[in-house]
Amino acid sequence: MRKTITIIIMLASFGLSLNAQNPLLWGMTNAGGTDSLGTIFKISGDGTGFVSLQSLSAATGNSPTGTLLHANNAKFYGLTSIGGANTKGTIISLDTSNVMTDVHDFSGIAGNAPLGKLLQANNGNLYGMTFYDDSMGAGVIFKYNPVNNSYAKLVTFNGTGNGQSPRGSLMQASNGKIYGMCQGGGANQYGTLFSFDTTNNTVTNLHSFDLATGFNPFGDLIQASNGLLYGLCMYFGTSGPGTIFSFDPTSNIYSDL
């Protein structure tokens with residue numbers, strides 16, 4: 001039971017609760033539910049009161065891989081990796097009445113198969129990435145405006161220059177800049193760590209991963225209290241089982257820890 005609760009909490013994103021000692025958690029599962037295509041659930045922080053709120057379907061999008069985002073309009077937003085009108089994934093919302101809505105269907109050329117979670121930036125817009133697109137096949141960065149429900153593709157990854165196939169999520173650091181990682185591409189074709197400027201929609205490759213210090217980054221970046229960003233690589237060397245690294249957003253120095 002303890003293992004099951006731990007996994008649920010890892011997948012969940014925090015919601016609001018009047019009881020700070022026992023917060024409510026919302027999350028998604030990749031499978032299960034009415035059509036075995038995933039669910040949205042709610043559970044108390046002590047592991048009681050589990051409720052399956054919605055079953056995902058092929059029509060609304062299914063097989064989510066990230067967590068839910070609790071936006072400043074009190075709605076939850078999430079990404080599904082497949083399904084929807086074009087079978088290429090969707091953005092879904094869940095309102096305070098537990099009504100789920102497919103608010104955007106990925107089309108392919110403007111993004112295909114999001115495999116992370118959404119970020120709400122300081123400007124109020126939601127930002128995310130897709131693993132593929134139907135032009136270069138390297139993925140995109142997109143913006144979703146929750147006020148007017150508009151979607152825009154902002155960046156198409158190009159492989160060698162800024163990376164390709166982002167699998168994790170974007171994060172906004174204390175300096176206001178947005179950072180993310182690609183699993184492939186860059187100068188060595190082993191992935192990139194990049195910054196993204198929302199004012200001009202440009203990506204800057206800050207580090208190209210390599211064999212010696214770690215490659216194929218997996219997961220999300222976090223910013224610790226010391227101001228540094230930390231992340232994980234799946235591999236290093238010819239057969240190494242991975243690395244933990246830090247990145248200094250002030251000096252742009254990468255360190256294999």
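**Close-up 1. The hairpin of β3 and β4 has G47 in its turn region.** In this predicted model, six residues lie between strands β3 and β4 of the hairpin. G47 takes a positive phi near 90° in this hairpin. The two strands, β3 and β4 (residues 51-55), run antiparallel and are joined by four bridges. To find your way along the pairing, start at T39, whose bridge partner in β4 is S55.

**Close-up 2. Strand β3 is largely enclosed by the rest of the structure.** How many of the six residues of strand β3 are buried? Five of them are, so the rest of the structure largely encloses this strand, which covers residues 39-44. Strand β3 also pairs with β2 (residues 24-29): the two run antiparallel, with six bridges joining them. A handy landmark here is G27, which stands opposite F41 in β3.

**Close-up 3. Strands β5, β6, β7 and β8 form an open sheet.** The four strands follow the order β5-β6-β7-β8, and their pairing is antiparallel. Which strands stand at the edge? They are β5 (69-70) and β8 (100-105), each of which pairs on one side only. Looking at one pair in this sheet, β7 (residues 90-94) meets β8 in the antiparallel sense over five bridges. Within this pair, T90 has D105 of β8 standing opposite.

**Close-up 4. A second view of an open sheet shows β13, β14, β15 and β16.** Here the order is β13-β14-β15-β16, again with antiparallel pairing. Strands β13 (171-172) and β16 (202-208) are at the edges with a single partner strand each, so one side of each has no neighbour in the sheet. The antiparallel pairing of β13 with β14 rests on two bridges. If you are looking for a place to start, find M171, which stands opposite Y179 in β14.

**Close-up 5. The largest nonpolar core has 15 residues.** Which members of this core touch the most other members? They are Y127, I141, F157, L170, I178, F194 and F196. Strands β10 (126-130), β12 (150-156), β14 (178-182) and β15 (192-197) each supply at least two residues of the core. I141 makes a good place to pause and look around. Leaving out residues up to four places away in sequence, I141 touches G128, M129, A152, K153, L154 and V155, among others. The list of its contacts also includes F157, L170, F194, F196 and V203.

**Close-up 6. D220 and K117 meet in a salt bridge.** The count of salt bridges in the model comes to one, and it is formed by the side chains of D220 and K117, at 3.9 Å from N to O. Where do the two partners lie? D220 is in the loop between β17 (215-217) and β18 (222-223), while K117 is in the loop between β8 and β9 (119-120), so the pair ties together parts that are 103 residues apart in sequence. Side chains of opposite charge can pair when their charged atoms come close. Are these partners buried, partly exposed or exposed? D220 is partly exposed, with a relative accessible area of 32%, and K117 also counts as partly exposed, at 32% relative accessibility.

**Close-up 7. L232, I244 and L257 make a nonpolar surface patch.** The patch covers about 310 Å². One of its members, L232, sits in strand β19 (residues 229-235) and counts as partly exposed, with 46% relative accessibility. L232 is also among the residues touched by T243. T243 belongs to strand β20 (residues 243-248) and is buried, with a relative accessible area of 8%. Beyond residues up to four places away in sequence, T243 touches T213, G214, G231, L232, C233, F236, Y254 and D256.

**Close-up 8. L211 lies in the loop between β16 and β17.** L211 is partly exposed, with a relative accessible area of 34%. Which residues is L211 in contact with, leaving aside its neighbours within four places in sequence? They are Y190, F236 and G237. L211 and Y190 are 21 residues apart in sequence, and their C-alpha atoms are 7.8 Å apart in space. F236 gives you a link to the previous view, since T243 touches F236 too.

Technical notes: Residues are numbered from 1 along each chain as its sequence is written. This is a predicted model: local features need pLDDT of at least 70, side-chain atom pairs count only at pLDDT 80 or more; totals for chains, interfaces and linings use all residues. Side-chain values use heavy atoms; hydrogens and water are left out. A nonpolar core is a set of buried Ala, Val, Leu, Ile, Met, Phe, Trp, Tyr and Cys residues joined through side-chain atoms within 4.5 Å. Buried means under 20% relative accessible area, exposed over 50%, partly exposed in between (1.4 Å probe, protein chains only). Contact means heavy atoms within 4.5 Å. Two strands pair if DSSP finds at least two bridges between them. A salt bridge is a side-chain nitrogen of Lys or Arg within 4 Å of a carboxyl oxygen of Asp or Glu. Patches are made of residues with over 30% relative accessible area and no salt bridge: like charges are joined within 9 Å, nonpolar side chains (Val, Leu, Ile, Met, Phe, Trp, Tyr) within 5 Å. Accessible areas come from the Shrake-Rupley method with a 1.4 Å probe; for residues, only the protein chains shown count as cover.
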